Amino acid sequence: MKTLSENACFGGVQGVHTYRSATTDCDMTFGLYLPPQAKAGKVPVLWYLSGLTCTHENAMMKAGAQAQAARHGIAVVFPDTSPRGDGVADDPAFDLGQGAGFYVNAVREPWARNFRMWDFITADLPEALFGAFPLDDARQGITGHSMGGHGALTIAMTHPDRYRSLSAFAPIAHPTESDWGRKQLDAYLGDDHAAWAAHDATLLMRDRGFPGDVLIDQGTQDQFLDLLMPEALAGAMAARRQPGVFRMQPGYDHSYFFVSTFMADHMAFHAERLCA
């Protein structure tokens with residue numbers, strides 16, 4: 001583990017770290033905000049998964065999470081969205097390859113060697129973090145934006161015993177039926193549609209749901225609504241009678257202006273479930 005930077009922030013420390021990941025077979029960089037309460041002992045952890053084209057830095061710089069994290073005493077992890085570097089496969093399109101890992105374990109070439117973001121988020125990075133920082137692995141929550149919202153929802157519903165809290169901002173809600181999904185799932189996983197279903201939040205909500213309540217925010221002026229398909233996930237939640245709230249926020253688009261506007265609500269939501 002190598003520390004690239006540390007900055008005082010709302011009484012805590014915003015760090016950027018890197019280490020060699022055996023899972024992705026390359027160096028992986030992530031941000032970690034430790035609130036001031038971490039000086040006294042272990043603190044709860046909120047995972048924030050970012051969207052297409054993002055690195056660890058976008059949400060770390062733009063989401064406005066640190067002030068609320070300091071208030072509630074919660075650490076926030078900002079992982080990268082894909083493996084990167086020389087020798088790592090890429091694609092000219094913005095929505096495939098580096099910056100677009102989609103939080104799956106690729107099995108097709110040329111992606112299979114490095115693009116194992118599911119295992120990186122659920123196993124590799126947690127093992128590295130909990131061994132190096134004062135974090136409480138019994139109190140974890142997860143959230144994310146767009147592709148990261150897709151990742152947060154699918155990971156939490158697959159590992160319901162690990163995460164006490166779950167929220168999402170404008171998630172890619174039904175990727176098996178969207179051009180933001182079919183392209184990537186085919187490239188990474190091939191034509192095994194059963195494998196695709198394991199990474200579709202709408203299908204997972206229909207099949208199993210989440211044991212706690214969930215919070216989802218979606219802007220009504222989001223320029224990607226037809227690709228995100230929020231109505232599919234909202235319908236699955238209603239059909240399952242999933243506890244939670246799906247809020248359509250009038251006038252908001254897909255940007256970090258939207259995310260930062262509702263970040264305080266999401267941090268309070270997670271704090272209520274992680275800090276009790």
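This is a short dialogue on reading cysteines, a helix, a core and salt bridges in a predicted model.

Visitor: Let's start with cysteines. How many disulfides does the structure hold?

Guide: A disulfide is a covalent bond between the sulfur atoms of two cysteines. Here the count is 0.

Visitor: Why is C9 not bonded to C275?

Guide: Distance settles that one: their sulfurs are 17 Å apart, too far for a bond, and C275 holds the closest cysteine sulfur to that of C9. As for surroundings, C9 is buried at 17% relative accessible area, while C275, at 34%, is partly exposed.

Visitor: On to helix α3. What end-to-end span should its 14 residues give?

Guide: Take 1.5 Å a residue and you expect 20 Å for residues 117-130; the end C-alpha atoms sit 18 Å apart, which agrees. Look along the helix, too: there's a kink of about 30° at D124, shortly before the proline P126.

Visitor: Is α3 mostly covered or mostly open?

Guide: Mostly covered, with 10 of the 14 residues buried. Among them are W118, F120, I121 and L125, and also D124 and P126 from the kink region. The buried residues of α3 pack against several elements, including strands β2 (12-21) and β6 (135-144) and helix α4 (147-158).

Visitor: And the nonpolar core, which residues have the most contacts inside it?

Guide: In soluble globular proteins, nonpolar side chains tend to be buried together. The largest such core in this model has 86 residues, and Y48, L129, I142 and Y188 have the most contacts inside it. Helix α10 (residues 256-274) gives the most to this core, 8 residues. L129 is also one of the buried residues of α3. For Y188, leaving aside residues up to four places away in sequence, the residues it touches include L96, F102, V107, W111 and F115.

Visitor: Last topic: how many salt bridges does the structure hold?

Guide: Side chains of opposite charge can pair when their charged atoms come close. This structure holds 14 salt bridges. In one of them, R139 meets D136 at 2.8 Å, N to O; R139 is buried at 18% relative accessibility, and D136 is buried at 17%.

Visitor: What about R182 and D179, how far apart are they in helix α5?

Guide: They're 3 residues apart in α5 (residues 179-189), so about one helical turn separates them. Their side chains meet in a salt bridge at 2.8 Å, N to O. R182 is partly exposed at 33%, and D179 is partly exposed at 49%. Elsewhere, salt bridges that share partners join R20, D25, D27 and R113 into one network.

Methods:
Residues are numbered from 1 along each chain as its sequence is written. This is a predicted model: local features need pLDDT of at least 70, side-chain atom pairs count only at pLDDT 80 or more; totals for chains, interfaces and linings use all residues. Side-chain values use heavy atoms; hydrogens and water are left out. A disulfide is a pair of cysteine sulfur atoms within 2.5 Å. Buried means under 20% relative accessible area, exposed over 50%, partly exposed in between (1.4 Å probe, protein chains only). Helices (H or I, at least four residues) and strands (E, at least two) are DSSP runs, numbered from the N terminus. The expected span of a helix is 1.5 Å times one less than its number of residues. The bend at a residue is the angle between axes fitted to the seven residues ending there and the seven starting there. Contact means heavy atoms within 4.5 Å. A nonpolar core is a set of buried Ala, Val, Leu, Ile, Met, Phe, Trp, Tyr and Cys residues joined through side-chain atoms within 4.5 Å. A salt bridge is a side-chain nitrogen of Lys or Arg within 4 Å of a carboxyl oxygen of Asp or Glu.
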